[in-house]
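Student: Rather than a grand tour, could you pick one part of this model and take me through it slowly? I'd like to know who sits next to whom.

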Amino acid sequence: MGEDFSLHELFLLILCDLLNDMMKATVTTIQDTKVKLTLPDGQIFVVPLSSFEGIPKEGMSVALILAVPGADDAARQRLSKDLLNELMSD
């Protein structure tokens with residue numbers, strides 16, 4: 001027999017599944033207003049703390065949305081659309 005999930009739990013499961021398909025990085029250090037991220041292949045880059053939604057912590061895995069300037073809204077909309085489509089298909 002299957003498990004019963006609340007709508008919130010179902011949303012989080014779908015979100016986790018979608019995020020698994022995104023590029024990931026690990027937060028290696030946080031100093032003042034800068035966050036150092038390490039990609040799986042070892043590349044390192046530094047981004048402003050203000051660019052994060054939520055509060056990153058050292059050791060945390062983060063998903064990256066890659067978009068050219070001016071297209072970041074479109075990237076967020078695509079993620080939202082993907083989430084909505086997943087919710088409606090289940």
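Tutor: First, a bit of vocabulary: a residue is buried under 20% relative accessible area, exposed over 50% and partly exposed in between (1.4 Å probe, protein chains only). This is a predicted model, in which local features need pLDDT of at least 70 and side-chain atom pairs count only at pLDDT 80 or more, while totals for chains, interfaces and linings use all residues. Residues are numbered from 1 along each chain as its sequence is written, and side-chain values use heavy atoms, without hydrogens or water.

Let's zoom in on the sheet, with a little context to start. The protein has two helices and four strands, and from the N terminus on they come in the order α-β-β-β-β-α. (Both kinds of element are DSSP runs, numbered from the N terminus: H or I and at least four residues for helices, E and at least two for strands.) Confidence is a good reason to choose the sheet as our part: strand β2 has the highest mean pLDDT, at 94, whereas helix α1 (residues 7-20) has the lowest, at 60. That score is the predictor's confidence in each residue, from 0 to 100. Across the protein the average is 77, and 64% of the residues score at least 70.

The sheet is open, with its four strands in the order β3-β2-β1-β4 and antiparallel pairing. Two strands pair here if DSSP finds at least two bridges between them. That leaves β3 and β4 as the edge strands, each pairing on one side only.

Now walk along the chain. Strand β1 covers residues 23-31 and β2 covers residues 34-38, and five bridges join the two in the antiparallel sense. Ile 30 has Val 35 of β2 as its bridge partner, and Thr 26 faces Thr 38 of β2. The turn of this hairpin holds two residues. One to look at is Asp 32, which lies in the loop between β1 and β2 and has a positive phi near 55° although it isn't glycine. Most residues other than glycine have a negative phi. Asp 32 is also exposed, since its relative accessible area is 74%.

Next comes the hairpin of β2 and β3. Strand β3 spans residues 44-48 and pairs with β2 in the antiparallel sense, again over five bridges. Five residues lie between these strands, and among them Gly 42 takes a positive phi near 95°. Lys 36 stands opposite Val 46 of β3. Val 46 is in contact with Lys 34, Val 35 and Lys 36, leaving aside neighbours within four places in sequence; contact means heavy atoms within 4.5 Å. Along the chain Val 46 and Lys 34 are twelve residues apart, yet 6.4 Å separates their C-alpha atoms.

Back in β2, Thr 38 counts as buried because its relative accessibility is 19%. Beyond four places in sequence, Thr 38 touches Ala 25, Thr 26, Thr 28, Gln 43 and Ile 44. Compare Ser 50, in the loop between β3 and β4: Ser 50 counts as exposed because its relative accessibility is 69%. Ser 50 and Thr 33 are 17 residues apart in sequence, but their C-alpha atoms are 7.3 Å apart in space.

So what sits in the largest nonpolar core? Its nine residues are Ala 25, Val 27, Val 35, Leu 37, Leu 39, Val 47, Phe 52, Val 62 and Leu 64. (A nonpolar core is a set of buried Ala, Val, Leu, Ile, Met, Phe, Trp, Tyr and Cys residues joined through side-chain atoms within 4.5 Å.) Strands β1, β2 and β4 (61-64) each supply at least two residues of this core. Leu 39, one of the nine, touches Met 23, Lys 24, Ala 25, Phe 45 and Leu 64, not counting residues up to four places away in sequence.

Stepping back to the whole protein, 18% of its 90 residues count as buried. Among contacts between residues at least 6 apart in sequence, 46% join residues at least 24 apart.
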